[in-house]
Amino acid sequence: MNTIFFIFFFFLFNSLISVQAQTKTIRSFSSSNSPWRPNQNQTLLSPNSTFAAGFKPKSSGSNRFTFSIWYQNVTGNDVVWSTDKNDMSFLTNSAVLTITSSGELRLRNSSTGSNLWPGNTTGNLNSSLTLTEDGNLVFGKWESFKFPTDTILPNQNISNTELVSGNGKFTFRNATDLVFNSSDQYWRANNAFLRLGSDGKVEQENSASLITSDFGPNLKRRLTLDNDGNLRIYGFDPDLRDWTEVWHATHELCTIHGTCGANAICTSDGSNSSSCVCPPGFAGENPKENGCQRKIQIMDLQKTKYIRLDYVNFTTSNEVSLSGATNLSDCELNCTRNRDCLGFMFKYDGRGSCVLKNKNDSDNRLVNGFWSPGTESAMFLRVDESETDQSNFKGMTEILETTCPIKIELPLPPDDSNTTTRNIVIICTLFAAELISGALFFYAFLKKYIKYRDMARTLGLELLPAGGPKRFSYAELKTATKDFSDRIGQGAFGDVYKGELTDHRVVAVKCLKNVAGGEPDFWAEVTIIARMHHLNLVRLWGFCAEKGQRILVYEFVPNGSLDRYLFSSKRAGSDQSKPVLDWNIRYRIALGVARSIAYLHEECLEWVLHCDIKPENILLGDDFCPKISDFGLSKLRKKEDMVSLSKIRGTRGYMAPEWVKSDTITAKADVYSFGMVLLELVTGRRNSEIQEEEGSVKEGSEVWYFPAWAFDKVYREVNVEDILDNQIKQSYDSRAHYDMVNRMVQTALWCLQSRPEIRPSMGKVAKMLEGTVEITQPSKPTIFFLGGDDEQ
């Protein structure tokens, strides 16, 4: 017996090895490979083996095949294209794919059958069938992307194509409409679909777009019209090893026409499933496929009644809206008088919204029935008066009908007694005692409040906001900084030292100098930064106001300021080992700074101007996340007020022209400074150094202007590469980086317009960098301008 089993498994093992040995992968199919049959176990692969094509069994072990394209090494529904337009057609074992002597690609179910390959596949003798890395099957001028079945792939053009579901019932037409049975439209996109991007963004007409929930690069995706009539985008989750739904056209499956049969009602619990039920007075064994039929036929139209179905809607081929029906009785009377009326819908909105559901000679069915509270209406279904079924669709007035009939009786008042006067005296005495004790308590509280208020004024605490940063003693900070020995920076407002608190947090301690006349700046910075909470703002952890010292305690940002990495240092002993910022990091820095300034300008409870945006005030965290520092120059005003500062604040080279003109300073001054920093991010050079490198203009010339120089390079010479940072110029790839760098340059030139009113707000600047708004060509920036319409 053991010998028999051994022989059996030996032959079975050898047969499996033989089948696997016959497995063959090819990169192209030409006349030299012809013919191709299902039993050859042959697969056509894309260059990186992302997609595969060939004869694929309809199911495991089946002798029915399709010639399909599918995602390679992906579980689940991996087929994205097929020569068969629906699930019912198939190829047999006798199918053969050939390239004829005239160069025509033919697919037949037998050697003498008709050509089943879609479209005109006439090529030449040198034509071959290949599969691109995008999943496009190409033979000569023929492409599978032009003949989609039920699926669209990333980078495939959606315009002028038509998707048909596998069951053949539903169509996605004109890249906008979902249609049932070729003519019954049930969903329309606001803008036509153009293309599904590889990052999950669907481009639409009129510059519109929609984003999938798994937005991001390097994921497998497909847009598919499923057999339930819903258009969905799927993304392959590598962790789950399965396709997940990341977008769908309609949220309510029951609004898809054809979900249930005639006279049936579709119900859904809000998930991806639905069920079909028969309404009262109707019955059917399979409401989804065969619909429902009346239990009692209406023989006499004068002997009918109506069953109310709350939140139910039906459609018929002949509907009539009545504007004259002012109430439910009028609407019911109009339906009763109409022999073709199958029921009516009434909306309780006080406007008399009434719709009669009439039949015609060829169709007397109620179709596309569904239940949804979103209808805000009730359907009154006409049935024979002998019908005994009760409505199971309730919800509008059920609560009112149960609560209104309740009767409420109040007890009679008690008889007067001799204790009334005594009770009044007791109540008045207690009230007087509480009033006196309350007055004494308030007096004691007032004395305490005045005492502590005077103490707070003495210590300068009355300006400190509730819930603000921690107050440190001078001794604590002296210990934390090791007697202020490790200085890491200095500026106009004072020196900055590195320290470590007792809880091991590393901090940056800023000691302010020249307090005379600067104390309001100190309190402004404490109160402002205490209210600021943003990823791209330096966080204030505490302060010290003791012994004449004015000290701020910030979080420590380890990588220092942006200028250290952006500009090449000419000083001896400079750090040559610092990393070079690539284009993606620079773009992320620009976007983070823009969002933080927009937060200060537009999202804070109080409007905050920075007034000194420059690379030295942009610090970089561990992952080069930008953080804006130094709010000592900031001022607060209400949002509806304009800001006017009495003295110039800022750094030369980054100040807007209105500072020099002594005009009113608004948030647009920060926009100008950001634009200058944005240009420096692209060029890698300071705005005051480039004219020396150009050599054609002498230093101090009034003709040369950094933004105007950049404008000429980009728009007149059309050579954006001339302004790129030499440190990473060699890594610039016009295909990968052009859009990003071009947005940065265009946005910077808009920010650097000489007139403040022409510059965009920081909120719009952030959107321009994100690419969510269109950027037009700006005017050439000029540093001087007049008050009239003419610029110079």
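This briefing covers the disulfides, some of the strand pairings and one surface patch of the structure above. The model is predicted. Across the whole structure, 5 disulfides are found, and their pattern is 1-3, 2-4, 5-6, 7-10, 8-9 when the bonded cysteines are counted along the chain. Among the sheets is an open one of 4 strands with mixed pairing. A nonpolar surface patch includes Tyr449, a residue of helix H5.

**Disulfide Cys260 to Cys276**

- The sulfur atoms of Cys260 and Cys276 are joined in a disulfide, with an S to S distance of 1.9 Å.
- This link is left-handed, because the torsion about the S-S bond of Cys260 and Cys276 is about -85°.
- Cys260 sits in the loop between strand E22 (242-248) and strand E23 (265-268), while Cys276 belongs to strand E24 (residues 274-277), so the disulfide ties together parts that are 16 residues apart in sequence.
- Cys260 and Cys276 are both buried.

**Disulfide Cys331 to Cys354**

- Cys331 is bonded to Cys354, and their sulfur atoms lie 1.8 Å apart.
- The angle about the S-S bond of Cys331 and Cys354 is 75°, a right-handed link.
- Because Cys331 is in helix H3 (residues 328-337) and Cys354 in strand E31 (residues 353-358), the pair ties together parts that are 23 residues apart in sequence.
- Cys331 is buried at a relative accessible area of 0%, and Cys354 is buried at 3%.

**Disulfide Cys335 to Cys341, and Cys625**

- A disulfide joins Cys335 and Cys341, with 2.0 Å from S to S.
- The value about the S-S bond of Cys335 and Cys341 is -95°, and the link is left-handed.
- Cys335 and Cys341 are buried.
- Cys625 has a relative accessibility of 14%; the cut-off for buried is under 20%, so Cys625 counts as buried.

**Open sheet E24-E23-E32-E28**

- The 4 strands of this open sheet come in the order E24-E23-E32-E28, and their pairing is mixed.
- The edges are E24 and strand E28 (312-315); each has a single partner strand, so one side of each is left without a neighbour in the sheet.
- From one strand to the next, the twist averages 25°.
- In this sheet, E23 and strand E32 (residues 367-371) pair in the parallel sense, over 2 bridges.
- Ile265 has Gly369 of E32 as its bridge partner.
- The edge strand E24 also holds Cys276, one end of the disulfide with Cys260.

**Strands E35, E36 and E37**

- Strand E35 (residues 487-491) pairs with strand E36 (residues 494-500) in the antiparallel sense, over 4 bridges.
- The bridge partner of Gly489 in E36 is Val496.
- E36 also runs antiparallel to strand E37 (residues 506-512), to which 7 bridges join it.
- Opposite Gly494 stands Leu512 of E37.
- E36 and E37 make a hairpin with 5 residues between them, and His504 in the turn has a positive phi of about 70°.

**Nonpolar surface patch**

- Phe441, Phe442, Phe445, Leu446, Tyr449 and Ile450 form a nonpolar patch on the surface, and together they have about 640 Å² of accessible area.
- Tyr449 lies in helix H5, which spans residues 420-459.
- With a relative accessible area of 44%, Tyr449 is partly exposed.

Definitions and conventions: Residues are numbered from 1 along each chain as its sequence is written. This is a predicted model: local features need pLDDT of at least 70, side-chain atom pairs count only at pLDDT 80 or more; totals for chains, interfaces and linings use all residues. Side-chain values use heavy atoms; hydrogens and water are left out. A disulfide is a pair of cysteine sulfur atoms within 2.5 Å. Buried means under 20% relative accessible area, exposed over 50%, partly exposed in between (1.4 Å probe, protein chains only). Two strands pair if DSSP finds at least two bridges between them. Axes are lines fitted to C-alpha atoms, for helices over the stretch in contact, and angles run from 0 to 180 degrees between N-to-C directions. Patches are made of residues with over 30% relative accessible area and no salt bridge: like charges are joined within 9 Å, nonpolar side chains (Val, Leu, Ile, Met, Phe, Trp, Tyr) within 5 Å. Accessible areas come from the Shrake-Rupley method with a 1.4 Å probe; for residues, only the protein chains shown count as cover. A salt bridge is a side-chain nitrogen of Lys or Arg within 4 Å of a carboxyl oxygen of Asp or Glu.
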